[in-house]
Amino acid sequence: MNLAFALNTYNQTKASSEANKQDGYEAVKYALDQVIGSMEKLNNGLETAEKEHHFERALSSIYFLQKCLDFEKGGELAKNLFKVYEYCRVQIIDFALKGTVEKLDTAIEFVQTILEGWEGIRSEVS
């Protein structure tokens with residue numbers, strides 16, 4: 001009886017761990033999509049209220065992505081991703097203050113590349 005209970009508990013923990021991986025994957029993918037979508041909309045000459053919404057959403061999503069990085073396990077990759085996210089954050093702020101579209105375009109390309117890489121690991125998470 002104790003062996004069956006232990007095996008059941010192990011299987012539940014394993015299933016829960018796999019579900020957590022999938023949830024984490026989806027949360028990061030969602031944040032990357034939000035950053036890209038908001039930066040693209042900022043580039044399209046929106047009304048002030050809408051600009052504020054996308055400005056805040058892009059910055060909040062970048063903050064989330066930075067907080068998700070595990071510098072101990074991720075090593076150089078985590079450090080480099082942090083730098084890219086920080087570059088994007090600065091470009092969004094510069095765009096809001098100065099309207100520098102060219103650098104925002106570059107930031108969008110960087111995040112799209114990260115998203116493509118992230119989508120490439122989906123089979124490892126599933």
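These legends go with several close-up views of a predicted model. Local features are given only where pLDDT is at least 70 and side-chain atom pairs only at pLDDT 80 or more, while totals for chains, interfaces and linings use all residues. Residues are numbered from 1 along each chain as its sequence is written, and side-chain values use heavy atoms, with hydrogens and water left out.

**View 1. Helix 2 and its buried face.** Helix 2 covers residues 48–68; helices here are DSSP runs (H or I, at least four residues), numbered from the N terminus. Its 21 residues reach 30 Å from first C-alpha to last, close to the 30 Å expected at 1.5 Å a residue (that is, 1.5 Å times one less than the number of residues). His 54, Ala 58, Ser 61, Ile 62, Leu 65 and Gln 66 are its buried residues; buried means under 20% relative accessible area, exposed over 50%, and partly exposed in between, with a 1.4 Å probe and protein chains only. Seen down the axis, these buried residues fall within an arc of 140°, so they line one face of the helix (the arc is taken from the directions from the axis to the C-beta atoms). Thr 48, Ala 49, Tyr 63 and Lys 67 are exposed on the other side.

**View 2. His 54 in helix 2.** His 54 is buried, at 4% relative accessibility. Beyond its neighbours within four places in sequence, His 54 is in contact (heavy atoms within 4.5 Å) with Ser 38, Lys 41, Leu 42 and Leu 46.

**View 3. Gln 34 meets Arg 57.** Gln 34 sits in helix 1 and is buried at 13% relative accessibility. The side chains of Gln 34 and Arg 57 share a polar contact of 2.7 Å. For a polar contact, N or O atoms lie within 3.5 Å; within protein, one must be able to donate a hydrogen and the other to accept it, and residues adjacent in sequence count only if both atoms are side-chain atoms. Setting aside neighbours within four places in sequence, Gln 34 touches Ser 61 as well as Arg 57.

**View 4. Lys 29 and its two acidic partners.** Lys 29 makes a salt bridge (Lys or Arg side-chain nitrogen within 4 Å of an Asp or Glu carboxyl oxygen) with Asp 33, the closest N and O atoms being 3.1 Å apart. Both lie in helix 1, 4 residues apart, about one turn. Glu 119 also bridges to Lys 29, at 3.5 Å between the closest N and O atoms. Glu 119 is in helix 4 and Lys 29 in helix 1, so this pair ties together parts 90 residues apart in sequence.

How values were computed:
Helix = DSSP H or I, 4+ residues; strand = E, 2+ residues; numbered from the N terminus.
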